[in-house]
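Subject: Structure handover

Hello,

Here is the structure for you to look through. My notes come after it.

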Amino acid sequence: MAREISSVGVIGLGTMGAGIAEVLARSGVSVVAVEIDDDGVHRGRGHLEHSTERAVSGGKLDADGRSALLGRIRYTTSLAELSDVDLVIEAIPENLEAKSDVFAQLDKITGPDTIFVSNTSSLSITEIGVHTARPGKVVGMHFFNPAPILKLVEVVRTVVTEPDVVTDVVAFAERLGKTPVVIGDRAGFIANALLFGYLNHAVRMYEQRYATREDLDAAMRFGCGYPMGPLALLDLIGLDTAYEILDTMYHQSRNRLHAPAPLLKQMITAGLLGRKTGRGFYTYDEPDSPTVTDAVTASTVDTATARDVRKVGVVGTGTMATGIVEVFAKRGYEVILRARSAEKAAASVARVKKSLDKAVVKGKLSEEDAAAALGRISPAVEFEELADVDLVVEAVAEDLAVKQAVFAALDDVVKPGAVLATTTSSLPVIECAAATSRPSDVVGVHFFNPAPVMKLVEVVSTIATAPDVIATVDAVCAAVGKHPVHCGDRAGFIVNALLFPYLNDAVKMLEAHYAEADDIDTAMKVGCGLPMGPFELLDVVGLDVSLAIQRTLYNEFREEGFAPAPLLEHLVTAGRLGRKTGKGFKDYPAR
C-alpha cells in the first residue's frame with residue numbers, strides 16, 4: 001500500500017517553490033509554505049496570487065477554484081510548523097551547505113516516516129541526504145519551470161533510498177498530474193545533463209563570433225523545431241543558474257564541454273543575468289519581461305549587391321534535390337534538373353509532380369499553380385545544358401570526390417558570374433570551391449529536409465566566398481520564403497554542430513545504464529518541449545548518418561567529448577540503422 005500523502009511542506013517560495021506549492025494545492029493537498037522571513041512570505045504569496053489570477057483570466061481555473069486552491073496554503077517563517085507533514089519539498093537556492101542545513105533541522109522536527117525531497121536541479125541528493133539520520137527517506141523530485149505547466153518530474157534515487165519511498169514518490173507525482181522518470185543521482189540528472197552541454201556549446205559559438213545570437217537561435221527553432229533558441233532559453237533560465245549547473249556538472253564529469261564558457265562568467269559579473277534583470281544575451285523592456293527590445297529580425301546582409309538570378313540549375317535526383325527543385329519552381333524560377341540519365345531525370349520530375357499533387361489535394365496549392373510550377377522544370381543529362389543558369393545548387397551524395405567532380409564539370413560549362421552552391425551538411429565547402437577556377441563564386445546553401453516544408457537554410461561562406469555571392473543567396477532565400485542563417489565553413493555548421501553532440505551525449509547516458517531510452521526521450525520531450533526525444537530522432541535520421549556526422553565533428557575539432565559513443569558504432573556495425581532497417585535504438589514493425 002502506498003503511503004497517504006495529504007499534507008506537504010514547501011521550503012522556499014521563489015518562482016519554483018511557489019509553483020510547486022500551486023501544483024500541490026491544485027491537486028487537493030494541504031500545503032505548509034515556509035520562507036526565511038516575512039518579506040519572503042509576501043513575495044511568495046504574490047507569486048501564487050499572480051499565477052492563479054492568470055490561470056483564471058486564461059480560463060484554466062475559475063474564481064471558486066482559485067479561492068479553494070489559495071485556501072489550502074498556510075504560510076509561515078518557522079520550520080517547526082512542518083512537524084506533522086507527510087512529505088517536505090525543499091526548493092531553496094542551489095547551495096549544498098544551505099540545503100544540508102535545512103535537512104538537518106527537519107530531521108529533528110518531523111516524524112521518522114516523513115519523506116524528505118529536494119528540488120535541486122544539479123546538486124547531489126546523496127550529499128544532501130547524509131546530513132540526516134534517515135538517508136533512506138531522502139529523494140530528489142526535480143520539477144521543471146514553470147511547475148504548474150510542465151509535466152516532467154525527475155525522481156532521483158540514491159544508492160540508499162528505500163525502494164518503497166521511490167514507489168510512493170512516483171505515485172504521488174502521478175497523482176499531481178505529472179510524468180515521473182526515475183533516475184540515479186548524478187549531476188544534471190537527465191534533462192539538464194543533456195540540455196546544458198548544448199546550451200554551453202551555443203554560448204561558445206557566439207563567443208567565437210561564429211554566428212550571431214539571432215542566427216544561432218533561429219537555426220535551432222527552424223532547423224530542429226525547438227520551442228526556443230539556446231541563447232533565448234539561457235536568458236529565461238538565468239545565466240547565473242546556468243553557470244552553477246554547468247560548474248557542478250563539470251566538477252563531477254570533468255568533461256571540458258561542461259566547463260562554463262568564459263563569456264557566461266563575464267556577463268554574470270556585469271549583472272547581465274537574463275530576463276530577470278532585463279538584460280542577458282538580449283535586452284528586455286523591463287525585468288522579468290519576455291519582450292525583447294534589441295532583436296534584429298531581418299538579415300544584416302546588404303542584398304543591394306545581389307546578382308540577378310532568373311534561372312536555376314539543380315544537380316542530383318535524390319529527396320533533397322527534388323525538394324529544392326520544387327521550392328524554386330513553385331516560386332517562379334525556371335529550373336533545369338540535371339540527372340545522370342534521362343530515366344533518372346524523368347523519375348525525379350515525377351516525384352516533384354507527386355508532391356505538387358499532394359499540395360493541391362491538401363488545398364495548399366491551386367491546380368493552375370501546380371501545373372505552372374511543373375512546366376518550369378526542364379530535365380537534363382548533360383552539364384552543358386546548365387551553361388546559362390544564374391545559380392547552380394549541387395545536391396548529390398555526401399561524397400567529397402563525387403561533389404568535387406560535379407564542381408569541376410560545372411566550372412567548365414557554367415557562365416562567368418553564376419553562383420555555384422553545395423547543399424552539403426557536413427563536408428568542407430572550400431574543398432568543393434578548390435575544384436573550380438572561381439572559388440569566390442562558391443557557397444554552401446544547406447537546405448533542411450523536407451526542403452518544401454522546412455524554412456531554414458544555412459548559408460555557409462568560405463574564406464574565399466565573395467560578399468555579393470552571400471547577398472545573392474540571401475536575396476534568393478527571401479524570394480523562395482526561406483530563413484537564411486549565416487556561418488563559416490567548419491564541420492556541422494550551426495545545427496549539426498549543436499545537435500549531434502547532444503544526441504551523442506544521450507547515447508553515452510544510455511550506454512552507462514543511467515536511464516532507459518524511453519525515459520531519456522520522455523525527459524527531453526516533456527521537460528524541454530522538444531518535438532522528438534534523442535533516440536527517436538537518431539532512429540529517424542539514421543544511425544549510420546549520425547555516426548558519420550559525429551565522426552566528422554570529432555575529426556575537425558579533436559574534442560574528446562565529441563568522440564562517437566561506442567554503442568552508436570556497435571549498433572551501426574550490427575546493421576541496426578534506425579527506422580530504415582526496422583531496428584535501431586528501438587524496433588519498428590515491418591511496413
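Below is what turned up on a pocket, a cavity and one alanine.

Please keep in mind that this is a predicted model.

The second largest pocket: it holds about 1,000 Å³ of space. Its lining counts 35 residues. S425, H446, N449, V541 and V545 lie nearest the pocket centre. Six elements are worth opening in your viewer: α8 (213-224), α12 (319-330), β14 (442-447), α18 (495-511), α20 (534-541) and α21 (543-557) each give two or more residues to this lining. α18 gives the most, with five. By class, the lining of the second largest pocket splits into 23 nonpolar, ten polar and two charged residues.

The cavity: the search covered the whole structure and found one of 30 Å³ or more. About 50 Å³ of space lies in the largest cavity. F328, L391, V393, V445, F447, V473, V476 and C477 line the largest cavity. β12 (391-394), β14 and α17 (467-479) each supply at least two of these lining residues. α17 gives the most, with three. The lining of the largest cavity has eight nonpolar residues, no polar ones and no charged ones.

The alanine: A232 sits in helix α9 (residues 230-237). Is A232 buried or exposed? A232 counts as buried, because its relative accessibility is 16% and the cut-off for buried is under 20%. Leaving out residues up to four places away in sequence, A232 touches D217 and Y282. V156 is 76 residues from A232 along the chain, and their C-alpha atoms are 28 Å apart.

Best wishes

Notes
Residues numbered from 1 in each chain as written. Predicted model: local features only at pLDDT ≥ 70, side-chain atom pairs only at ≥ 80, totals over all residues. Heavy atoms only, no water. Helix = DSSP H or I, 4+ residues; strand = E, 2+ residues; numbered from the N terminus. Buried < 20%, exposed > 50% of the residue type's maximum accessible area, 1.4 Å probe, protein only. Contact = heavy atoms within 4.5 Å. 1 Å grid on protein atoms, 1.4 Å probe; cavity = no way out; pocket = protein on both sides within 12 Å on 5 of 7 lines; lining within 4 Å. Points joined across faces, edges and corners; volume = space filled by probe spheres on them. Nonpolar A, V, L, I, M, F, W, Y, C, P; charged D, E, K, R; others polar.
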